[in-house]
Every structure is written in C-alpha cells, then in structure tokens.
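Colleague: I am new to this structure, and I would like to understand how the words used for it are justified. Could we go through them one at a time?

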Amino acid sequence: MEEEAKTKPRTAGPYLCCVCNQRRAALKRPKTLEQVCRECFYEVFEEEIHRVIVENQLFKPGERIAIGASGGKDSTVLAYVLSTLNRRHHYGLDLFLLSVDEGITGYRDDSLETVKRNEIQYGLPLKVVSYKDLYGWTMDEIVKMIGLKNNCTFCGVFRRQALDRGAAMLKVDKVATGHNADDIAETVLLNILRGDIARLGRCTAITTGIYSPNAYRGFAREFIKDLERIRPRAILDIIKSGEDFRISTSTKMPEQGTCERCGYISSQKWCKACVLLEGLNRGLPKLGIGRTRGLNNDRKDAKGNNAAKSIESKQCGTLDF
C-alpha cells in the first residue's frame, strides 16, 4: 500500500488554474467561481473590460476622457487598464488624470503623490482641482466649523461637483470613475434604505451623471461584509437586484434642471453644493443639512441682489467602472 502511494501521480485538482491548466490557482473569482492563477486573472480581467467597452459603445475615437484619480486602488487600476487597452486596441482616446484636492492634511497629500507617480508611469496629463480654489474652503477648515458629524456630506457633494468643474476645464467628453463591487452594492442598499427611487433606478447603470450618497455608508459597508461572510456571492446578488430594478411608468420622478447659481445639474433652484457653500459663507454651516426648500425659494441676498451668479460649466457623461 505504501509503495503504491509513492508511485501514484499527484494531481493538483482544484488548485490548478482552470484557464491555463498549468499554474497553481491564486484566487477564486466570486463572479464565476473559477479558480485562476495570477497571470490568467490579469488577462481575463482586461479582456472583460474591453468587451464591456465595445458592447456598450462607451467610447468613440477622438474623444477626450478624464479618469477620476484619487490615488487609491480602484482609480489606479482604472488608469492602468484604460491606458493599456487604449494602446492595445487602438481606441484613439485622449486620456487625462483628474484629481480633487479636498484640503485634508496628512491624507490627500500622500494620495496626490501616488497620482503624480501615475502621471509619469502611464504618460497621462494630470489636472488637479482644489476645494480651496473652487469654493474658498478646504475640508480642514470646514471640519473646524461643522465638526466631524456632518463633514462627509460636504466632502461628497463638493467632490462630485469638483470633478465636473475639472472636466469642464479639460473640455473632456466623459469622466471615468473606478468603483469596486462593494461600492456599487453599498449604493444599492443605501438607496433602498433611503427610499430614493430615482437614484436606485440608475445607480447600477454603466453611465451616470449622479454621484452616490455618502450618508450611512459605513453602516452599509459593515452590513454587506457580514452578508459576504455568510454568502460570498451576496455582494453580486445585491448588484443584480439593482440592475433588475424597474420603475413603474406611473411613478412621478424628479425633473432634472440646472442650478441658477452655478449651472450644475440640480432638481432644485440651487444645487446642494451651492446651498452648503451658502451656509458656510453665512456662518450657518448647518443651513444645507436636511431640508433646504426655504433657501431654494430665496433667490435674493440680504441686500436684495440676485444671488444666482452664473458660472459656466460643461456637463459631461460619467462612466462607472
């Protein structure tokens, strides 16, 4: 029996990559349950992205595309993949890196250094827009006034508009942003909890002009991780439910217009960013937290002057990867 065991060939079984059948599997993909090696994962991952781009006709030759670059893992991977596929498949795109400096000491400083390295590595021009230049406030200054409780509201709203303003400066056609499956699942869950039918109907779309809310995101992330420990495919199932969501034709949806003050997309007279900024400038930082109907009905300032100062901005499409 012992001699027979020595002569019997060893089989790698499930540990062998199911794509190349040569190298040891390094990971199991939750999406397909396939066990693949590192090299094959890179190849399959890049090919899937290329297929999505082609099938959805996301780009046209000659388009200018800004890549939202935060210096984090998701945006760095997006910058690498888009620059690689653009060369490999001859998309004919002009790619740019677009970063937002919120003015958070010890946090954004380091990540911007990563973005600057990406600029050199991938040979992509970099544009950095700052809260200080756009709004007259840094996040450090906002936190000193508002405290830590509601600062995410300001940061999320300002960042989304800062990306659009940066896109207008670069005169790009689209902005590509990087999100992982956790991000999308959290957004679906948040929109369900908030009863936000409008956002729920579009939050899983591959192209969108709406940035997901940050409120309660910490709770959603913790809850989703608990679900994932019980059932690994839970995240993908939540995303699928968002994709399958359909809104009744009889449901009244909010009408999208433009902010009278800055020209940014808004369903109110003033967009959320302008409402928040007005509160900061008046020394009333909580003015934009919660209901803002009163301020949106007031187009005049204290002196009776028109408060809707026009700022030109180009609105472009956003691609979520």
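Colleague: How do you know that the length of helix α7 agrees with its 20 residues?

Modeller: First, this is a predicted model, in which local features need pLDDT of at least 70 and side-chain atom pairs count only at pLDDT 80 or more, while totals for chains, interfaces and linings use all residues. Residues are numbered from 1 along each chain as its sequence is written, and side-chain values use heavy atoms, with hydrogens and water left out. Helices are DSSP runs of H or I with at least four residues, strands are runs of E with at least two, and both are numbered from the N terminus. The expected span is 1.5 Å times one less than the number of residues, so α7 (residues 151-170) should span 28 Å, and its end C-alpha atoms are indeed 28 Å apart.

Colleague: What makes α7 mostly covered?

Modeller: Buried means under 20% relative accessible area, exposed means over 50%, and partly exposed lies in between (1.4 Å probe, protein chains only). By that rule 14 of the 20 residues of α7 are buried. Just after the helix, Lys-171 takes a positive phi of about 55°.

Colleague: Why is Ile-206 called partly exposed?

Modeller: Its relative accessible area is 24%, and since partly exposed lies between the 20% and 50% limits, Ile-206 is given that name. Ile-206 sits in the loop between α9 (197-200) and β7 (207-208), and its C-alpha atom is separated by 8.9 Å from that of Leu-58, 148 residues apart along the chain.
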